[in-house]
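Grab a pencil and keep the viewer open. Try each exercise yourself before reading the solution under it.

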Amino acid sequence: MSKTCCRTTSVGLHRRNPSRPVSLTLRATFDTLLSSASAFVDKPILADIYIAPAADFPNARDFAYCHVEPDWAGKRLIGVAPKLEVQKAERVVALLMHEIAHAALMQMGVPDHSEREADQMAEALWDVPLYYDSEYVQTLREGGIRPRPSHLPR
Ligand SMILES: [Zn+2]
């Protein structure tokens with residue numbers, strides 16, 4: 001199955017154990033974003049993050065995806081590319097916001113939503129505009145493209 005930047009899928013994308021942990025820096029960033037989003041929606045957003053194999057991200061702008069494993073009691077899992085660990089903060093945070101927004105929408109019973117809807121959810125959760133940079137990757141850097149360019153996967 002081909003994977004795009006952040007394809008969401010209900011079940012069975014990965015049966016393997018998501019065992020490779022992220023760095024402490026990425027963990028701290030993810031946990032901070034998750035708890036602030038959970039405070040906004042007034043309930044815990046159930047999601048976790050792990051490093052997925054580099055082969056899952058064949059395209060330059062592929063950095064993450066969100067999926068559900070049956071064994072994880074409905075918890076959303078966000079697999080990120082190893083290369084995410086060395087990206088600029090404005091890109092890492094924006095990507096994680098977008099993926100957590102996917103997880104929040106799935107948890108809210110909206111598994112079939114668009115990429116733009118995920119961006120809109122992220123903007124609502126953190127009250128910040130989400131842009132796309134010159135490589136068509138999410139960024140918090142002002143002056144980027146907004147909303148998501150229509151030629152990207154929807
Ligand atoms: Zn996405």
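Below are five short exercises on this model, which is predicted.

**Exercise 1. Get your bearings: how many helices and strands does the chain have, and what pattern do they follow?**

Start by counting: you should find three helices and six strands. Next, walk along the sequence and write down each element as you meet it, which gives β-α-β-β-β-α-α-β-β. Now for burial: of the 154 residues in the chain, 35% are buried. Finally, take the contacts with a separation of 6 or more; 66% of them join residues 24 or more positions apart.

**Exercise 2. Work out which side of helix 1 faces inward and what covers it.**

Check the length before anything else. Helix 1 has 18 residues, so at 1.5 Å a residue it should span 26 Å, and its end C-alpha atoms are indeed 26 Å apart. Then pick out the buried residues of helix 1: F30, L33, L34 and A37. They take up an arc of only 100° around the axis, so they sit on the same side of helix 1. Look at the face turned away from that buried side and you'll see exposed residues, among them L24, A28, D31 and S35. As for the cover, strand 2, helix 2 and helix 3 are included in what lies over the buried residues. One last stop: just after helix 1, D42 has a positive phi of about 70°.

**Exercise 3. Is helix 2 mostly covered or mostly open?**

Run the length check again. The 19 residues of helix 2 should span 27 Å at 1.5 Å a residue, and the end C-alpha atoms come out 26 Å apart, which agrees. Then count the buried residues: 15 of the 19 are buried, so helix 2 is mostly covered. Carry on past the end of helix 2 and you reach G109, with a positive phi near 85°.

**Exercise 4. Find the largest nonpolar core and say which elements build it.**

A useful rule to start from is that nonpolar side chains in soluble globular proteins tend to be buried together. Here, the largest nonpolar core has 40 residues, and M97, I100, A101 and A104 have the most contacts inside it. At least two core residues each come from helix 1 (24–41), strand 2 (47–51), strand 3 (64–68), strand 4 (76–80), helix 2 (89–107), helix 3 (115–126) and strand 5 (131–132). Helix 2 contributes the most, with 12 residues. To zoom in, select A101 and ignore its neighbours within four places in sequence: what remains in contact with A101 is A118, M121, A122 and L125.

**Exercise 5. Compare two spots: is strand 3 enclosed or open, and is P153 buried or exposed?**

Take strand 3 to begin with. Side chains in a regular strand alternate between the two faces of the sheet. In strand 3, A64, C66 and V68 point one way while Y65 and H67 point the other way, yet all are buried. With five of its five residues buried, strand 3 is largely enclosed by the rest of the structure. Its pairing with strand 4 is antiparallel, over five bridges, and C66 has I78 as its bridge partner there.

Now jump to P153, in the segment after strand 6 (138–139). Count the other C-beta atoms within 10 Å of P153: there are 11, and the cut-off for exposed is 12 or fewer, so P153 is exposed. To finish, draw a distance from P153 to E115: they are 38 residues apart along the chain, and their C-alpha atoms are separated by 7.4 Å.

Conventions
Residues are numbered from 1 along each chain as its sequence is written. This is a predicted model: local features need pLDDT of at least 70, side-chain atom pairs count only at pLDDT 80 or more; totals for chains, interfaces and linings use all residues. A nonpolar core is a set of buried Ala, Val, Leu, Ile, Met, Phe, Trp, Tyr and Cys residues joined through C-beta atoms within 7 Å. A residue is buried if 20 or more other C-beta atoms lie within 10 Å of its own, exposed if 12 or fewer, and partly exposed in between; C-beta atoms are placed from the backbone. Helices (H or I, at least four residues) and strands (E, at least two) are DSSP runs, numbered from the N terminus. Two residues are in contact if their C-beta atoms, placed from the backbone, lie within 7 Å. Two strands pair if DSSP finds at least two bridges between them. The expected span of a helix is 1.5 Å times one less than its number of residues. The arc is that of the directions from the helix axis to the C-beta atoms.
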